[in-house]
Amino acid sequence: MYEFLKTYQLYIMMVLSCICGTLAVLVILTKTLTHRRKLAIMSLEFSAMLLLIFDRYCYIYRGNETSLGYWMVRICNFLVFFFTLAVVYSYNQYLRDLSTNEIGLSKSPKRLLISDILLFIGLFLLILSRFTGFYYGFDESNHYYRSGGFYICFSIPLIASFLDLSIVLEHFKKLRKGISIPLILFTLLPLIGAVVQVFAYGLSVVNITFVGMCVALYVFALIDMNKVIDRARILEIEILKEEQKNSQLIFEQTAQALSYAIDAKDKYTHGHSLRVAEYSRRIAKAVGISEKECDEIYYTGLLHDVGKIGIKDSIINKDGRLTEEEFAYIKAHPTIGKNILSSINKLPYLSIGAHYHHERYDGKGYPSQLKGEDIPYIARIIAVADAYDAMTSKRSYRDPLPQQKVREEFVKGIGTQFDPVYAREMIHMIDLDEEYNMQEREDASALEGRNIVFCEEYRSDVSEGIHVTDYTSNIRIRCLSDEEASDKGASPIPTIVLFDSLDARTHDPNDSIAKEMIYFEYAEIRMDGKTTCHGARKIKSEKIKTDPNRFSSESSGKFHHIALYDIEAVKYDDHVRLRIYSLKDAYDITIALPDSARYAYIGLTGEYCTINIESINRAEHHVNENEITRIAEPISYIDSPAGDIPNIQVNGWCSASSKGIPINDVTQITFHSMSLPTARLVWHCPYLSIFTSDDGIVHGPNYREFCLMRLDGESWETDDYVKTNLQVMKLDGFVDWDTWKVKNKEGFDCKILLRRNGNIITVNTADNDVELKNTVNVLDENVHDLYLALTGDQVAITNIKISTEN
């Protein structure tokens, strides 16, 4: 068999390539295939035809030492590898069409995307190999030979084929036999051929089987589509009946969409430019850019979207995602912005930001496809700030993303969508923003246009959450009761819903999104002092003396159906205090939360009333523990015996720190760590802070932090006069980050070893099979006393023991 194939394989290649070319033409003329499937099969057949043509020429010209032979061998071998990838890529497109039109998936499986990425990596390596000989080379007699990287080249399309096969096997029962069988054979036979190919050097077994299956794929697809057409005639009446059933549902959905469109406002652009400008300036300042340039970046951020004035309002304000054509119009706004601002000759940086803020670091942005540092740094900064505000702002098709999801997107985008330096700085800003202040609503207008709540049935509408922190929030609302409220036996008194949620919105606890957003409701508090406890430990409501001058300038008392209320809301540790003032009464309500690590938001609602949130103001100074009377004992996870220094419980990002530990020549620290029950993220773990201060206390006199190192494998240089080099190694026992988080919650013993040589400190530690080595070089020669403090986020650190050597 081997000798037969070796003798006649050139003829077999010629016949199969002719068949593929003929089938490609027939595909063009076929009307029974979908457009997308037709393109995929046509691409498949053309690629297969060219694959065999060039493979055939490889054999014909090998050993030919003429100038023509020299070039033909090299060009044809390159194209053989190229069209092998092209065949698999075309097959992927065929599977994409099957996924949506046959299997019934709403979108293509992610494995197809992974397969495509592998093929593009293969293409990159192929091009690289052309110059390095990584895959193959040619000897002095113009013969092809395999290089060390050949098996990588061989593996990429095979791995992609395995991914494709896994999709087919997963959905095998959903596919008709006329489609499923050739799909399996398309993958299996070339895989068998690949095994043979390894041992049968000089034969194109894989290529021939690939092409043979391309032919079979078309034949089976054509037969199957003919059967489908026959069945379609039978199913036509059933489809019409089904359409009648769906017509009512479509009508209801359309009516809902229309009502949303009527109520919709331009919520995305509300305050967008101002926020982008502020975020941009903060990033610029953090990376050490001069004050003058920070101001320039700020003004550039303010005007970065000026080009949108040249885009139709119907596109800018459209509810829902844009079509490709509409998005093409949107993509013109950077060029329009540049044309508008380029006339301001004295401020050239304005047009730079407007023109390039949609470029991507990997060169896949628009309008100029600039790459890396070819993109002006101002535009790279604004791109990060713009993306952050887009993700944390409400869109017509989604709510703002929870902050940890935004963080994950920036981690994914480092080096691809975003400049690594500025993206990492934004991640650091997110980590420091434990109260989500970068989306905090400072006044009623900042509620994304939702400062009016229309209530019919109780809680039929609830305002967006107002964050309650240790800075007292003063909220004024005006409530208009419906005239028919008394007829319906309703009590149109506004109610506060006190809750916690990743997206700062109330949810039905039975909905799936409530679980996804980790929704937790503490209590409901009416403006007349009545309370309903849900998840809170305890609630205490007391009537207090009202302030007769609070509403003296208001005229709401002239109308019995209008009521005015002031709300003071503040949180300290695990207690929330609400003070509610009306024209007649006032109440002091204290709520003991389940623990101190949770956030608290208030949502305003009621029944048969309209609530207008007129203002939200926040105090400049935070409260202390003496300003809220405790009604329940504090929740503590550090009651175990202390070591050499006191135990610490860190409820939020670096909200507590241990006593500073002097760093000597050799310092060893051991402790027990346990993530709090509310911990859910990778960075809810212990941190190490290297700092200096006059008294060795965090935030003491002349305090300077140089490095903040997290045990999940991230480190931040927090001072200009420091350089760090962090090495992270996952040991054999490491499974995945979800398992790592579980182990942190169970608790573990940790050892830290510090070695100091002058102002160079080497830190070695490990956390549940993640080993870290960080070299910290403090560049300020005037710093002599260096300390380490244990801190973290949502973690309890106990039994801290210290040993030193000088």
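User: Is R96 buried or exposed?

Analyst: Buried means under 20% relative accessible area, exposed means over 50%, and partly exposed is in between (1.4 Å probe, protein chains only). R96 has 11% relative accessibility, so it counts as buried. One heads-up: this is a predicted model, where local features need pLDDT of at least 70, side-chain atom pairs count only at pLDDT 80 or more, and totals for chains, interfaces and linings use all residues. Also, residues are numbered from 1 along each chain as its sequence is written, and side-chain values use heavy atoms, with hydrogens and water left out.

User: Got it. Which residue does R96 form a salt bridge with?

Analyst: You look for a side-chain nitrogen of Lys or Arg within 4 Å of a carboxyl oxygen of Asp or Glu. For R96 the partner is D116, and their closest N and O atoms sit 2.7 Å apart. D116 belongs to helix α4 (residues 110-132) and R96 to helix α3 (residues 67-103), so this bridge ties together parts that are 20 residues apart in sequence. D116 counts as buried too, because its relative accessibility is 7%.

User: Where do labels like α3 come from?

Analyst: They're DSSP runs, numbered from the N terminus: helices are H or I with at least four residues, strands are E with at least two.

User: How many salt bridges does the structure hold?

Analyst: There are 29. Try E409 and K412 next, whose side chains meet at 3.6 Å, N to O. Both lie in helix α15 (residues 403-413), 3 residues apart, which is about one turn of the helix. E409 has a relative accessible area of 34%, so call it partly exposed. K412 is exposed, because its value is 59%.

User: And which parts of the chain does the bridge between E464 and R505 link?

Analyst: The side chains of E464 and R505 meet in a salt bridge at 3.3 Å, N to O. This pair links distant parts of the chain, 41 residues apart: E464 is in the loop between β3 (452-455) and β4 (466-467), while R505 is in the loop between β6 and α17 (512-516). E464 counts as buried because its relative accessibility is 4%, and R505 is buried as well, at 9%.

User: Which residues are linked in a network of salt bridges?

Analyst: R407, R710, D712 and E714 are the ones linked that way. Click on them in the structure and you can follow the network.

User: What about histidine? Which side chains does H333 make polar contacts with?

Analyst: A polar contact is a pair of N or O atoms within 3.5 Å; within protein, one must be able to donate a hydrogen and the other to accept it, and residues adjacent in sequence count only if both atoms are side-chain atoms. The side chain of H333 has one such contact with the side chain of D305, at 3.2 Å. Another joins the side chains of H333 and H358, at 3.5 Å. H333 is in helix α12 (residues 333-341). With a relative accessibility of 1%, H333 counts as buried.

User: Let me practise on E483. Why is E483 called exposed?

Analyst: Because its relative accessible area is 75%. E483 is placed in the loop between β5 (471-481) and β6 (495-500). For a case in between, pick I28, which is in helix α1. I28 counts as partly exposed, because its relative accessibility is 45%.
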